[in-house]
Protein chains: 2
Amino acid sequence: MESAPQRKKRVTITDVARHAGVSTAAVSKVLRNAYGVSASMQERVRSAMAELDYRPHAAARGMRGRTYTIGVLLDNIRNTFFADILDGIRDELHDSEYTVMIGAAGFDAASQAKTIRSMVDRQMDGLILIAPGTPRAEVLAMAQSTPTVVIGHHDASDIHDSVLDADGLGAGLVVDHLVSLGHRDIALVSAPGTRTGKWARTPEIVLTNGYLEAMERHGLGAHARVHKAAYSDEGGYKAGMSLLTAERRPTAIMTGADVAALGVWRAAHEIGLRVSEDVSLAGYNNTALADLATVQLTSVDQAGHTMGSTAARMLVERVEGHRDRAAQVTMTPRLVVRDSTGAVGGD
Amino acid sequence: MESAPQRKKRVTITDVARHAGVSTAAVSKVLRNAYGVSASMQERVRSAMAELDYRPHAAARGMRGRTYTIGVLLDNIRNTFFADILDGIRDELHDSEYTVMIGAAGFDAASQAKTIRSMVDRQMDGLILIAPGTPRAEVLAMAQSTPTVVIGHHDASDIHDSVLDADGLGAGLVVDHLVSLGHRDIALVSAPGTRTGKWARTPEIVLTNGYLEAMERHGLGAHARVHKAAYSDEGGYKAGMSLLTAERRPTAIMTGADVAALGVWRAAHEIGLRVSEDVSLAGYNNTALADLATVQLTSVDQAGHTMGSTAARMLVERVEGHRDRAAQVTMTPRLVVRDSTGAVGGD
DNA sequence: CCCGCCGTAGAGAACGTTATACAAAACCTC
DNA sequence: GAGGTTTTGTATAACGTTCTCTACGGCGGG
């Protein structure tokens, strides 16, 4: 049996060296633009590389030095907020020599951990973890060996960098807005705490605290109600069903993610309630979803693109050793009012 | 200056071998469950690996054998249809030893090519390319050295496998549906052909042909109108604006992607047209977007999840050498009627 | 003119794994 | 039990890079 015509031999550094009539060490130096190469050598090697269409073998590089790969972990591609962050990362890294690889691990903590380990095992130069559900200890252990930026969690650390949003403030903005519209019965739909493996200050915890404080501040502490639900259409739907069929129905619902708000919307729709007129609804993250013509959801913008580019920049600083101590950047959220919130009992 | 406490030494195969009192070769055999290991050896090595918490170093593996990594290329994470495909891939590979890494390269052909090359350079075992915009020759060259499955393009090849949807049929389903509602002026919004580097049968081309044939079949050839636009909210919006303000306004618009349909919707909304009553609107892919309570978009389901899992299965077959010739799988689309399409001039 | 120095190039040892080739041991078969 | 076969484990040469260390040639200064 004649086997497939696979396996065209790769061009290696040795081929380039031979073709240029120099040593592999010299080629390697040019490749890493290391110290100790003359201009003529540069020239010679570069043209040899071009002629042979040489591309370094990343796996081999990984054995000794860097792989020029940045890994990004996220739980759920459907949350378009993450897409904003990714765009920021990509734009920042676009004309650097780094390649971004995304690991979409789902909500399950175990498979997230597996994915993070995979990235470390693949010798990635740096990791960006978006609100990881993995136990904190695991993340710290990984960050020990690979530069890491954690996005979302407020728990600071001197081992990894952090980029986060002042979620507490953001929750306050929404509550203030709703109260100014006359609402008093304001419920919050936030992610379940089960995913928090020793993270004391996940976005949802901070958000919830911000909500509770704001309610307190307005003298509405007794009206506060927090419903836990996954940040997905389905999670929002269930939460919406439960809240909107309760005996004392809230006049306004805010959620920690736009996608969940749309689930609530679906529930309201099914029950026969009009959003804005019968129940005000606010999301979080100001994703593209919120701006759809048929949606027009009031939401909180937390500048995902900027978060992404900031994270990427910080990570590269660390990878390249320009900075040797952890840093933390906090973004300020901004309220975006659209049609889904209205005066209480309004028509 | 005291440097960071980085670099905890990794546990290597040598450590495991020493700890178990055997040779590294033996450990390697166990690792790959190769032929020639006794049960007792298995046992001994496995427990040593467990005790030391050993994880193989993927970069080192890549030097000789496989990396157990599958790369997935997509242009745009915001297209939730791709999320369906990815879920399919993930579910299929979930409890295999393969890790999935996603490269989100954007629409630009050059950066897609760069991403594909990155994946090959990282010695990934197999590639799944979702409707790549890269020139066909480039894809074939890469497929030469790495097993590849192309999703979407109808161009068959004996070098890579293909998974695709009968898009021509799908377009026909929509046209038939709209005609049955009394529509005659039916416009199509499809992706621009610029991204086709020698692909003769991209999804958009096949879709367009299907649309034209169906219109012809109904004697509406003269009414056919195709508008090119990017499959994004913005692209759909521009197309919608242009079509809906034209002198002869279509009574129905179908798009090649749900996300573009929502852009059209936004345009209609701005112009003051009601979707369904004033203009019927149909999308494609039946993504989660189409099913939102406030959207309810008629769309064509092409079973993204199944496409993903099929592609993954086919790829693994190839990677592991169980199949040595290219294969092609075609899915049948199904129309999902929702509220966005109605009788012409209906109210 | 010899010594030390600097800038550049090359030799060669890693890195952690796979896989081939072989030695040793165990098991058959007559 | 001799001869053959099969099973089991080991030694070791790759794989394609990086990077340290050494060699060399030229040059300025004493």
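**Protein surfaces near DNA and internal cavities in a predicted model**

Helix 2 (24-31) and helix 4 of chain A, as well as helix 2 (24-31) and helix 4 of chain B, each contribute at least two residues to the surface near DNA strand D. Helices here are DSSP runs of H or I with at least four residues, strands are runs of E with at least two, and both are numbered from the N terminus. The model is predicted, and local features need pLDDT of at least 70, side-chain atom pairs count only at pLDDT 80 or more, and totals for chains, interfaces and linings use all residues. Residues are numbered from 1 along each chain as its sequence is written, chains are lettered from A and ligands numbered from 1 in the order in which they are written, and side-chain values use heavy atoms, with hydrogens and water left out.

DNA strand D is surrounded by 26 residues, the closest being A:Ile13, A:Ser28, A:Arg32, A:Arg64 and B:Tyr35. A residue is taken as near a strand if one of its heavy atoms lies within 4 Å of it. The most residues on this surface, four, come from helix 4 of chain A. Sorted by class, the surface near DNA strand D holds 14 nonpolar, seven polar and five charged residues. The nonpolar class is Ala, Val, Leu, Ile, Met, Phe, Trp, Tyr, Cys and Pro, the charged class is Asp, Glu, Lys and Arg, and the others, Gly among them, count as polar. Sugar or phosphate accounts for 59% of the atoms of DNA strand D within 4 Å of the protein, and bases for the rest.

Several polar contacts (pairs of N or O atoms within 3.5 Å) involve phosphate oxygens of DNA strand D. A polar side-chain atom of A:Ser28 is 2.8 Å from one phosphate oxygen of this strand. For A:Arg32, the distance from a polar side-chain atom to a phosphate oxygen of DNA strand D is 2.9 Å. An N or O atom in the side chain of A:Tyr54 also lies 2.9 Å from a phosphate oxygen of DNA strand D.

Around DNA strand C there are 25 residues, of which A:Ser38, B:Ile13, B:Ser28, B:Tyr54 and B:Arg64 are the closest. Of the atoms of DNA strand C within 4 Å of the protein, sugar or phosphate makes up 60% and bases the rest. Contacts to this strand include a polar backbone atom of A:Ser23, 3.1 Å from a phosphate oxygen of DNA strand C. The side chain of A:Lys29 places an N or O atom 3.1 Å from a base nitrogen of DNA strand C. In the side chain of B:Arg32, an N or O atom is 2.9 Å from a phosphate oxygen of DNA strand C. Helix 2 and helix 4 of chain A and helix 2 and helix 4 of chain B are the elements that give two or more residues to this surface. Helix 4 of chain B has the largest share, four residues. The surface near DNA strand C comprises 14 nonpolar, six polar and five charged residues.

Chain A contains twelve helices and twelve strands, and its C-alpha trace spans about 85 × 55 × 35 Å along its principal axes. An automatic or database domain assignment divides chain A into domain 1 (13-56), domain 2 (68-165 + 304-331) and domain 3 (167-301). Between the C-alpha centres of domain 1 and domain 2 of chain A the distance is 33 Å. Of the 347 residues in chain A, 57% are buried, that is, under 20% relative accessible area with a 1.4 Å probe and protein chains only. A:Ala58, in helix 4 of chain A, is buried because its relative accessible area is 7%.

The whole structure holds three cavities of 30 Å³ or more. A cavity is a set of points on a 1 Å grid over the protein atoms alone where a 1.4 Å probe fits but cannot get out, and lining residues have an atom within 4 Å of a point. The largest cavity has a volume of about 330 Å³; a volume is the space filled by probe spheres set on the points, which are joined across faces, edges and corners. Its lining has 24 residues, with A:Phe81, A:Phe82, A:Ala131, A:Pro203 and A:Tyr231 closest to the centre. Domain 2 and domain 3 of chain A each supply at least three residues of this lining.

Methods. 1 Å grid on protein atoms, 1.4 Å probe; cavity = no way out; pocket = protein on both sides within 12 Å on 5 of 7 lines; lining within 4 Å. Polar contact = N/O pair within 3.5 Å; in protein donor to acceptor, adjacent residues only side chain to side chain. Buried < 20%, exposed > 50% of the residue type's maximum accessible area, 1.4 Å probe, protein only.
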